[in-house]
Every structure is written in C-alpha cells, then in structure tokens.
Amino acid sequence: MKDQMDTLLENFERQTAQLRDAQTAAAETTAQVSSPDGLVRATIDAGGSLAKLEFAPNAFERTTPAQLANTVQTVVRQGSLQVKQKIADLMAPITEGLPDLADLVEGAPSLAGLVPRIPEFVEEEAPAPRPASFEEGGSILRNEAVPPPMLAPKPAPKRVRPPRDEDEEPPSSWMTRGD
C-alpha cells in the first residue's frame, strides 16, 4: 500500500509540474495569421483577443471597405481558433492517463464521465458576406431584411374626474387626491 501511495504521490508531483509548465506556455501562446491576399495580418493573444492588426500599405486601394472588414473577421477568427488548438494541444498530455477514482479507491464511483474531453478546434463555415453598403438591404446588425416599421402606440384614455359638489367642505389636509 505504501509503494502504491508513493507512486501516486510521484505521479501527482510530476503532473503538477507538467500542468504548471503547460499553463505558463499557454499564457504565452499567440497566433499570427495573414489573409491569402496578404492585405491583412493579425496577431491573436492567449485569451483569443486581437493583439495586433496590420494592413498592407495598398490595402485600401485594392479592396472595398466591406471586403476588407470581412477579411479582418476571417483572419481574426482563424487566429483565435489556432490559439485555442495550441492551448488544447499543450493541455492534452496532462489529462491523458489520469487514473480514475475507482482505480484508486475500491468501491468508489468512476469519475471518468465527469472530466470533459478537450475538443478539436476546427474552422467553422464562414458567415455570408455582408452587402457592399448598408443601403443595399438588410439590417446592419445581422444582415437580415429590414423589419417593418413600428406602429405608433395608442393614446391612453383620458381620466374622467368625478364632479365635485359645491357644498363640499375643503379638505382638512393640503395633501389631496390630486384634484
């Protein structure tokens, strides 16, 4: 039993060191992606955020603003997926070969189904390109057809106050019902 515990402790310390190294490497992971036409180059940081965006000197002469925006979105998406895949590749060796609780403690439940599998990050299908200008139909938010105009709200009915009797005495307080 002591030998088994020593082996488990050694494995734990080794995996802890591996995890620390992988976390350090993951924090420094970046991806640089260029568009096929060479007009756009993006650097994505470990968090998947855009760290640097560069345009070729003649980018604005060789393309339209809408095409350039679409290229930027595509390059940033590709870079973000590359960073995620690099980090997943760094973490995969650590999670492989971990003993299950049922292997360590007799009669304990298996936890194998609770540990999520590291996914493969593959590029998704690119969204449909936007129209060349905003006036060419559709909402600028989701490239959908323009919604019908909203109807004006119905006016609220007027409140009718009950008539006051002439013989009625004034209220004993200045705080009235709004009459």
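Visitor: Which residues of α1 are buried?

Guide: In this predicted model, the buried residues of α1 are Q15, A22 and A26. Part of what covers them is α3, which runs over residues 65-95.

Visitor: And how many residues does α1 have, and how far does it reach?

Guide: Helix α1 takes in residues 2-27, which makes 26 residues, and from its first C-alpha to its last it reaches 37 Å, close to the 38 Å expected at 1.5 Å a residue.

Visitor: You mentioned α3, so what span does that one have?

Guide: Helix α3 has 31 residues and reaches 45 Å from its first C-alpha to its last, close to the 45 Å that would be expected at 1.5 Å a residue.

Visitor: Which residues of α3 are buried, and what do they pack against?

Guide: The buried residues of α3 are L68, T71, V72, V75, G79, S80, L81, V83, Q85, A88, M91 and I94. As a group they pack against α1, β1, β2, β3 and α2.

Visitor: Let me step back a bit. How many helices and strands does the chain have, and in what pattern?

Guide: The protein chain has four helices and three strands, and if you read along the sequence they follow the pattern α-β-β-β-α-α-α.

Visitor: What share of the residues in the chain is buried?

Guide: Of the 179 residues in the protein chain, buried residues make up 17%. The chain exposes about 14800 Å², and carbon and sulfur atoms supply 57% of that area.

Visitor: Where is S35, and is it buried or exposed?

Guide: S35 sits in the loop between β1, residues 31-34, and β2, residues 40-44. It counts as buried because its relative accessibility is 5%, and the cut-off for buried is under 20%.

Visitor: What does S35 touch?

Guide: Leaving aside its neighbours within four places in sequence, S35 is in contact with V40, T71 and V75. Two of these names, T71 and V75, also appear among the buried residues of α3. Closer along the sequence, the side chain of S35 reaches the backbone nitrogen of L39 at 3.2 Å.

Visitor: Okay, new topic: where is A59, and what is it in contact with?

Guide: A59 belongs to helix α2, which covers residues 59-62, and once its neighbours within four places in sequence are left aside, A59 is in contact with L39 and L68. With a relative accessible area of 0%, A59 is buried.

Visitor: How far is A59 from G38?

Guide: The C-alpha atoms of A59 and G38 are separated by 8.8 Å, although the two residues are 21 residues apart along the chain.

Visitor: What about T63, where does that lie and what does it touch?

Guide: T63 lies in the loop between α2 and α3, and it touches L39 and L68 when residues up to four places away in sequence are not counted. Those two partners, L39 and L68, are also the ones listed for A59. In addition, a polar contact of 2.9 Å joins the side chains of T63 and Q67.

Visitor: Is T63 buried or exposed?

Guide: T63 counts as buried, since its relative accessibility is 17%.

Visitor: Switching to charges, how many salt bridges does the structure hold?

Guide: The structure holds one salt bridge. The side chains of E54 and R41 meet in it, with 3.0 Å from N to O. The pair links distant parts of the chain, with E54 in strand β3 and R41 in strand β2, 13 residues apart.

Visitor: Why can side chains like that pair?

Guide: Side chains of opposite charge can pair when their charged atoms come close.

Visitor: How accessible are E54 and R41?

Guide: E54 counts as partly exposed because its relative accessibility is 26%, and R41 also counts as partly exposed, at 38% relative accessibility.

Visitor: Last topic, the surface: which residues form the nonpolar patch?

Guide: The nonpolar patch on the surface is formed by L50, L53, F55 and F60, which together have about 370 Å² of accessible area. Its largest share, three residues, comes from strand β3, residues 50-55.

Visitor: Where is F55, and how accessible is it?

Guide: F55 has its place in strand β3, and because its relative accessibility is 36%, F55 counts as partly exposed.

Conventions. Residues are numbered from 1 along each chain as its sequence is written. This is a predicted model: local features need pLDDT of at least 70, side-chain atom pairs count only at pLDDT 80 or more; totals for chains, interfaces and linings use all residues. Side-chain values use heavy atoms; hydrogens and water are left out. Patches are made of residues with over 30% relative accessible area and no salt bridge: like charges are joined within 9 Å, nonpolar side chains (Val, Leu, Ile, Met, Phe, Trp, Tyr) within 5 Å. Accessible areas come from the Shrake-Rupley method with a 1.4 Å probe; for residues, only the protein chains shown count as cover. A salt bridge is a side-chain nitrogen of Lys or Arg within 4 Å of a carboxyl oxygen of Asp or Glu. Helices (H or I, at least four residues) and strands (E, at least two) are DSSP runs, numbered from the N terminus. Buried means under 20% relative accessible area, exposed over 50%, partly exposed in between (1.4 Å probe, protein chains only). The expected span of a helix is 1.5 Å times one less than its number of residues. Contact means heavy atoms within 4.5 Å. A polar contact is a pair of N or O atoms within 3.5 Å; within protein, one must be able to donate a hydrogen and the other to accept it, and residues adjacent in sequence count only if both atoms are side-chain atoms.
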